[in-house]
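Q: I am new to reading protein models and would like a close look at one part of this one. Please take it step by step and explain each term as it comes up.

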Amino acid sequence: MRDPLNSRIRQVEPSGIRKFFDVVTEMQDAISLGVGEPDFDTPWHIRDEGIYALERGRTFYTSNAGLPELKQEIARYLSRRFGLSYDPASEVLVTVGGSEAIDLALRVMLEEGDEVLIPQPSYVSYSPCTVMAGGVPVTIALREEDQFKLTPEALEAAITPKTKILVLPFPNNPTGAIMTREELLPIAECVIRHDLFVVSDEIYAELTYDHEHTSIASLDGMPERTVVINGFSKSHAMTGWRLGYTCGPQQIIAQMLKLHQFAIMCAPTNSQYAAVSALKNGDEDVQQMRDSYNQRRRFLMHAFEQMGIQCFEPFGAFYVFPSIQEFGMSSDCFATRLLEEERVAVVPGTAFGACGEGFVRISYAYSLDALKVALERFARFIERLRADGGNE
Amino acid sequence: MYLEKNSRVDLGELAVLLGSDEALIANEIADMEQEEIICGYHTMINWEKTSSEKVTALIEVRVTPQRGQGFDSIAERIYNYPEVQSVYLISGGFDLLVILEEKTLREISQFVSDRLSTLDSVLSTATHFILKKYKEHGTVMSRRSEDERMKVTP
């Protein structure tokens, strides 16, 4: 029989998080700090709108690019929050989560052999989607001493004549790093000088603390070369509704729409109706969740300080990314032992790229009470490691 | 405000959560107690989970306001009874809402017939009993609590 498979899919490694997931799921008494989604329920007015849409029998396809009313609200929201200006009719596409949009953008923009710059540690899908689109992923290793920000020097050093796209994953999962306007300016300058395009994954844009999020698409000369990815999962605690969106130059969005039409038809209809309510009446919900995450973030930073664990202060998303290098073991080994010995699940930094070695991702999308219990166990674990280390 | 939901929080911990200073927070709370912005700290109890057979009554009261004193004087005569939990002046079809919590039926009927109805300015009363508490002080009384999320996700 002939090989049924495409040669590219063989190159794609299964998600590194997967094997860990299987172990944790088997352990009934494990406390997890490994979740990448909000702990809040979707605000009630949004759920109610979704239920209402079902009651009214709004169960048909919407137009491929999304409900006109929703696209209108997305354009208004991006303008009001981040100073971005998009035509709802031609520059906005409603997708099945931000992850669909990442895949679409790479597939419509890449030619065989084009290089895509992917700063890591970062979300797990950029590299596989690049490979499947015929591109070549080129990793830029972000460093803790730069607070896991992308520096213009690191960017410059990674650019070759084949480079076409820079993926910009900030606020960042798993590090919690953000990029301020001042830090984005030299990145934008470099992108323009080398005639690159940016896929800016801003799914955590609403979750920044003590700093306002800046979209690179709001900088001079950048709207025409940036595809912005965003969605409702993190900002409005709507992960299971599977709803995201992407905005960019009409020329690119039109082709993404074409792919979306053939592969997806349209994003879920009742999710789209619910999302209209999220954007019209949801600002206060977002604020409340942000305040709550910020309290937990401070709590965790304080706890690590007390434990003497080195951790740079993250100002975005809902993760901290402490260093475990002092224990002289791999992230994978640390996470496995923490799980086996204290029944606490964290995600090894290496799940987000090789340069995540020496770190673990800890999510604070948990109640304060849950965090306290988990941190007690975490502290007990590292005390034991330190004591053992001292005896040897 | 954080304290409204959790008055038992440790001040040091509250300082960490708010990114503030413990002494500063202690002073602010002391000030608010002084100014009677914070009037007390209570424990919220779900009596349905205890063996208590007592009930809570909401009593609508229509009264004649008194010259020069409005409703304040009659309200005071009612709230001075120690068994009265809350008294509110209400707009709409009646005037005062009087709440008695965790009393026996006999205690409530005695209060209404012997004390409340006999007051001069009380015109009429209507007593409602709470059958089930769904939500109190922002807290849903019977909420599922287990985490249904997948345990590890990217």
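In which sense do strand 1 of chain B and strand 3 of chain B pair, and over how many bridges?

A: Strand 1 and strand 3 of chain B pair in the antiparallel sense, over 6 bridges. This is a predicted model, in which local features need pLDDT of at least 70 and side-chain atom pairs count only at pLDDT 80 or more, while totals for chains, interfaces and linings use all residues. Residues are numbered from 1 along each chain as its sequence is written, chains are lettered from A and ligands numbered from 1 in the order in which they are written, and side-chain values use heavy atoms, with hydrogens and water left out.

Strands and helices are DSSP runs numbered from the N terminus (strands are E with at least two residues, helices H or I with at least four), and two strands pair if DSSP finds at least two bridges between them. One of the bridges between strand 1 and strand 3 of chain B joins B:Glu60 to its partner in strand 3, B:Leu97.

This pair belongs to an open sheet of 4 strands in chain B, with the order 2-3-1-4 and antiparallel pairing. Strand 2 (86-89) and strand 4 (122-129) of chain B are the edge strands, each having a single partner strand, so one side of each has no neighbour in the sheet. On average, and with direction ignored, neighbouring strands here are turned by 20 degrees against each other, where the axes are lines fitted to C-alpha atoms (for helices over the stretch in contact) and angles run from 0 to 180 degrees between N-to-C directions.

At one edge, strand 2 of chain B pairs with strand 3 (residues 96-103) of chain B in the antiparallel sense over 4 bridges. Across this pairing, B:Leu89 has B:Leu96 as its bridge partner, and B:Ser86 stands opposite B:Ile99. Strand 2 and strand 3 of chain B form a hairpin with 6 residues between them, and in the turn B:Gly92 has a positive phi of about 115 degrees. At the other edge, strand 4 and strand 1 of chain B pair over 7 bridges, again in the antiparallel sense, with B:Val63 standing opposite B:Val122 of strand 4.

A helix also meets this sheet: helix 4 (residues 72-79) of chain B lies across strand 1 (55-63), strand 2, strand 3 and strand 4, and runs at about 5 degrees to strand 3. Contact here means heavy atoms within 4.5 Å. The buried residues of helix 4 of chain B are B:Ser73, B:Ile74, B:Ala75 and B:Ile78, where buried means under 20% relative accessible area, exposed means over 50% and partly exposed lies in between (1.4 Å probe, protein chains only). Their cover includes strand 1, strand 2, strand 3, strand 4 and helix 5 (105-116) of chain B.

Beyond the sheet, another residue of chain B takes part in a contact with chain A: B:Arg149 lies over the face of A:Tyr366, at 4.7 Å from the ring centre. A charge is said to sit over a ring if NZ of Lys or CZ of Arg is within 6 Å of the ring centre and within 35 degrees of the ring normal.

For a view of rings paired with rings, the search of the whole structure finds 18 aromatic pairs over all chains. Rings of Phe, Tyr and Trp (its six-membered ring) pair if their centres lie within 6.5 Å, with planes under 30 degrees apart called stacked, over 60 edge-to-face and the rest tilted. The rings of A:Phe40 and A:Tyr293 have centres 5.3 Å apart and planes at 75 degrees, so this pair is edge-to-face. The two residues are 253 residues apart, with A:Phe40 in the loop between strand 1 (31-32) and helix 3 (44-55) of chain A, and A:Tyr293 in helix 11 (residues 283-307) of chain A. A:Phe40 is partly exposed at 25% relative accessible area, whereas A:Tyr293 is buried at 0%. A:Tyr293 also forms an edge-to-face pair with A:Tyr364, at 6.5 Å centre to centre and 65 degrees between the planes. A:Tyr364, too, is buried, with a relative accessibility of 0%. A:Phe40, A:Tyr204, A:Tyr293, A:Phe318, A:Tyr319 and A:Tyr364 are linked by ring pairs into a cluster.
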